[in-house]
There are 2 protein chains.
Amino acid sequence: MKDLIKLKELDHEIYLLSHGIALLQWDQETYMPESAVNERSEQIALFEGILHNKLTDSIWGELFANLSVDDHSIPEKFNNNDNAFLREAYRRYRRKIKLPVELIKEFSAEVSISQSKWIKAKKEDNFSIFAPHLEKIIDFSRKIADLVGYTEHPYDALLDEYEPWMRSSGIKSVFDKLEPGLRSLIGRIKNAPQIDSSFLDHNFPVELQNQFGKKMQKEMGYDFERGRLDLTVHPFSTTLGYNDVRITTHYNKNDLLSGIFSNIHEAGHGQYEQGFGEDIQGSLLANGTSMGIHESQSRFWENLIGRDINYWANYYPELVKIFPDQLKYVSMKDFYKAVNKVEPSVIRIEADEVTYSMHIILRFRLELALISGDLSVKDLPDAWVAESEKLLGVKSDSYSNGVLQDIHWSAGLFGYFPTYALGNLYNAQFTNIMKSDITDFNLCLQKGELAPIKNWLREKIHRFGSSVSATDLIKNISGESLNPDYFLKYLEGKYKTIYDI
Amino acid sequence: MKDLIKLKELDHEIYLLSHGIALLQWDQETYMPESAVNERSEQIALFEGILHNKLTDSIWGELFANLSVDDHSIPEKFNNNDNAFLREAYRRYRRKIKLPVELIKEFSAEVSISQSKWIKAKKEDNFSIFAPHLEKIIDFSRKIADLVGYTEHPYDALLDEYEPWMRSSGIKSVFDKLEPGLRSLIGRIKNAPQIDSSFLDHNFPVELQNQFGKKMQKEMGYDFERGRLDLTVHPFSTTLGYNDVRITTHYNKNDLLSGIFSNIHEAGHGQYEQGFGEDIQGSLLANGTSMGIHESQSRFWENLIGRDINYWANYYPELVKIFPDQLKYVSMKDFYKAVNKVEPSVIRIEADEVTYSMHIILRFRLELALISGDLSVKDLPDAWVAESEKLLGVKSDSYSNGVLQDIHWSAGLFGYFPTYALGNLYNAQFTNIMKSDITDFNLCLQKGELAPIKNWLREKIHRFGSSVSATDLIKNISGESLNPDYFLKYLEGKYKTIYDI
């Protein structure tokens with residue numbers, strides 16, 4: 001047991017150190033004077049270096065060997081949490097030591113250049129400025145995949161960083177089932193009369209938006225005693241400690257909905273991290289088990305709760321009280337329809353609940369082809385347009401609004417996109433069970449009683465952190481593996497009523 | 001030169017790491033959820049440990065040896081900044097390696113207990129709760145002094161941490177000259193009619209105090225583009241980077257003056273750190289050269305500027321505009337007198353400009369006797385009362401308001417107190433020269449033109465950071481070593497008019 005205790009001590013240092021880095025980043029986005037940015041970057045790089053050295057220290061290898069933990073087995077003699085700890089710690093260590101520090105540094109340097117080139121390319125609507133750097137990023141990503149190793153597809157090695165234990169073949173078959181269902185629903189909605197949301201073109205003072213947002217967050221169970229809400233350009237959630245899970249938001253006085261749903265979304269992320277069990281506190285198990293599960297928690301609150309008619313049955317009267325001049329002539333039902341307006345567009349981050357996953361399928365397919373070499377960077381813009389027309393029926397009028405719209409590729413984040421859509425799918429499958437467990441689900445929402453929902457999530461998902469993998473979580477809860485039919489069924493049921501189709 | 005470059009790289013890492021720790025501490029005082037305090041302590045301890053390892057790495061010793069830097073000499077072949085760098089880096093390294101990490105840990109643990117016992121003792125007005133812990137703190141301090149080494153008095157080794165190159169014998173002789181002058185002035189003021197400041201018993205809304213405070217800070221030259229002001233229970237200033245020097249303040253709606261002078265004081269500290277020259281940026285030379293000089297910069301603005309009649313000639317009309325109901329019947333002269341009211345009292349932190357140094361002389365003498373063993377902890381309370389009556393003519397009615405009033409001893413900060421009074425003395429001596437350099441000094445204040453003053457401080461003091469020691473600074477500027485006569489002369493001149501004595 002001495003070796004296991006030592007491993008846990010080392011892991012706890014990494015836990016503390018990572019949260020220190022998270023504070024440096026949080027502060028940079030919230031309160032740091034802008035002119036301090038260069039020194040802050042240096043600071044973060046130094047701390048990352050210290051962290052890397054601690055993560056790759058050979059003592060880990062010795063301790064794993066002493067405990068007979070290797071690529072093939074985790075000994076059975078530990079309890080469940082200890083097994084999970086060893087599994088996750090070993091996975092992290094193996095990945096880290098396979099990647100030489102020099103390669104990581106070169107990659108970071110290229111990412112830094114690549115991001116500035118992407119910004120320029122997007123601004124000037126000129127793909128060729130970014131193209132050579134995208135090629136380099138893809139080369140690096142392939143090199144990393146080769147070093148990390150994979151059995152089926154190099155993409156799997158990249159995906160593993162964000163959605164552990166998942167393979168691209170699994171995602172491909174899920175997305176292949178999802179696509180026709182979405183396509184059919186989108187087609188029918190397109191042919192139905194469009195929802196009018198022009199009553200939202202008003203001025204909604206941000207202080208009032210903030211007051212309403214914090215109330216919603218508090219009532220959904222985000223704990224302000226163990227967190228806080230601040231303003232940033234781009235909203236995010238970050239964990240600085242077991243009792244210190246912070247979220248941020250952004251308000252635009254002309255866009256009430258963006259503020260509302262950003263508040264709910266980030267509080268969903270925050271609630272997940274606040275819900276890790278005390279038994280895994282202070283260890284690497286106190287972490288989201290995958291990006292997809294993390295995204296499921298934010299999107300659950302944002303879409304399945306925050307865009308439910310029963311939720312607004314409770315909150316809409318309050319919203320009208322706060323914004324009487326703007327909303328007094330708008331019915332709850334019209335407001336509900338406006339927050340669920342479906343409109344295929346070229347921009348992913350503006351997409352609604354129905355079309356969103358199509359943006360992801362598009363990116364996933366192109367990423368897969370870029371990494372395997374089936375698609376060259378030169379041919380990417382045309383492939384983007386073709387796939388976009390096929391999946392969404394829309395065609396971007398520029399590179400900037402099309403292939404250059406997202407930061408992810410310039411940031412070297414190949415493998416990240418699919419997790420956004422997986423979140424939607426996990427959710428629908430979880431919620432199916434949740435609704436049979438919480439029989440008065442709709443009544444709870446109507447009465448603003450959100451505690452049973454939060455408690456269900458905590459009990460079934462949050463408390464485990466990464467001790468239970470995403471694939472096991474979905475099986476444990478629903479009794480089957482990931483199945484996109486639940487998501488499709490949920491959308492069909494909801495939008496049939498909204499669009500009367 | 002390769003060795004010097006390597007030393008500078010190592011030092012830069014320490015610079016970045018220290019600022020990371022400073023952020024952890026700043027955040028704890030400003031925005032961190034209270035419930036995160038235990039984990040934050042763990043984090044800080046971990047980072048301090050990493051810092052300690054970097055500071056005591058044997059590579060420093062090797063590099064100093066290669067460069068022939070030892071206890072006796074710094075080679076002459078470097079430029080001034082490089083010599084200063086080597087001198088300061090060597091001084092830091094020598095001090096660090098002389099103190100075994102185990103001793104530091106034991107001391108920290110004792111400080112932690114000692115502080116909680118001090119809080120309890122103060123609350124219950126029971127010195128005996130704290131006494132055994134104070135004895136331990138003194139034992140540790142003596143041990144540290146022995147390990148660090150000294151030639152005259154063990155206290156010198158402690159003092160060196162806060163006021164480098166200064167010795168207790170020097171401070172003793174300065175204080176011995178200061179005491180009779182202060183005593184005489186205090187006596188005459190006591191016999192004069194007291195100033196009426198009852199017109200300050202009003203409600204001054206804190207948002208308005210903040211508005212006025214930030215304006216003063218901006219105009220004295222604290223750069224908000226490279227810093228920021230936040231609210232904390234106890235005001236402080238901290239540096240997180242060359243372009244990131246933050247200050248905090250505290251407002252009490254019933255105490256206008258406390259907010260005003262805390263704002264000026266902290267902005268003075270901040271301005272010093274913002275003024276380090278670009279040539280020393282990112283190194284250990286970008287640091288206050290001593291606590292006394294740091295305190296001189298805050299007290300210069302707080303007392304010599306912020307309590308000057310010409311300063312209020314400019315600012316008082318603005319203050320009345322902000323608080324018309326509270327101040328419209330109060331003349332500038334009456335306000336000026338109120339901010340300069342002298343009243344011997346038992347509490348150091350409430351003391352005025354005249355009596356303040358007496359509180360320090362009291363503590364310095366007792367510290368010296370405790371460390372040398374001439375005074376035992378058992379006899380400390382009686383000694384406190386006797387010395388307090390002798391120096392200030394007042395007697396505290398409890399331990400809590402007397403010997404237990406300050407946190408410093410429980411925090412293990414023996415050697416720190418004298419720097420507060422040194423700040424006052426440095427100031428008066430600097431200002432004497434400044435006023436002959438800036439011939440229209442009073443007119444500048446009357447017109448609110450503070451730039452010439454800030455520029456003088458930057459040119460003569462700030463830009464050097466710790467490349468020039470406090471003792472050299474005072475000599476370079478004034479042509480003589482520290483002389484308390486300037487301070488006494490300044491006080492005599494000012495208070496003769498105020499109290500008509």
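This passage describes how chains A and B meet in a predicted model, and how the strands of each chain are arranged.

The contact between the two chains is a good place to begin. In the model, 34 residues of chain A touch 34 residues of chain B. Together the chains bury about 2800 Å², and 59% of this area lies on carbon and sulfur atoms. On the side of chain A, three residues deserve a closer look: A:L16, A:Y31 and A:E39 account for 21% of the area that chain A buries against chain B, more than any other three residues.

Polar and charged groups also take part. Between chain A and chain B there are 16 residue pairs in polar contact, counting those with both residues at pLDDT 80 or more. The parts of chain A that each supply at least two residues to the side touching chain B are α1 (2-30), α2 (37-56), β1 (227-231), β2 (237-241) and β3 (244-249). Of the side of chain A that touches chain B, α1(A) gives the most, with 11 residues. Sorted by class, this side of chain A holds 15 nonpolar, eight polar and 11 charged residues. Four salt bridges are found across the interface of chain A and chain B. A:R246 takes part in a salt bridge with B:D27, where the closest N and O atoms are 2.7 Å apart.

A:R246 also has a place in the sheet of chain A, to which the description now turns. In β3(A), A:R246 is the bridge partner of A:T238. The strands β2(A) and β3(A) run antiparallel and are joined by four bridges. The sheet of chain A is open and has three strands in the order β1-β3-β2, with mixed pairing. Its edge strands are β1 and β2 of chain A, each of which pairs on one side only. From one strand to the next, the twist averages 25°.

Chain B can be read in a similar way. Its three strands form an open sheet, ordered β1-β3-β2, and the pairing is mixed. In chain B, β1 (227-231) and β2 (237-241) stand at the edges with a single partner strand each, so one side of each has no neighbour in the sheet. Neighbouring strands of this sheet are turned by 25° against each other on average, direction ignored. The pairing of β2(B) with β3 (residues 244-249) of chain B is antiparallel and spans four bridges. B:T239 lies opposite B:V245 in β3(B). Helix α1 (residues 2-30) of chain B packs on the sheet and touches β1, β2 and β3 of chain B. The direction of this helix makes about 135° with that of β2(B).

Methods: Residues numbered from 1 in each chain as written. Chains lettered and ligands numbered in written order. Predicted model: local features only at pLDDT ≥ 70, side-chain atom pairs only at ≥ 80, totals over all residues. Heavy atoms only, no water. Contact = heavy atoms within 4.5 Å. Buried area = accessible area lost by both parts, 1.4 Å probe. Salt bridge = Lys/Arg side-chain N within 4 Å of Asp/Glu carboxyl O. Polar contact = N/O pair within 3.5 Å; in protein donor to acceptor, adjacent residues only side chain to side chain. Nonpolar A, V, L, I, M, F, W, Y, C, P; charged D, E, K, R; others polar. Pairing = 2+ DSSP bridges. Axes fitted to C-alpha atoms, helices over the stretch in contact; angles between N-to-C directions.
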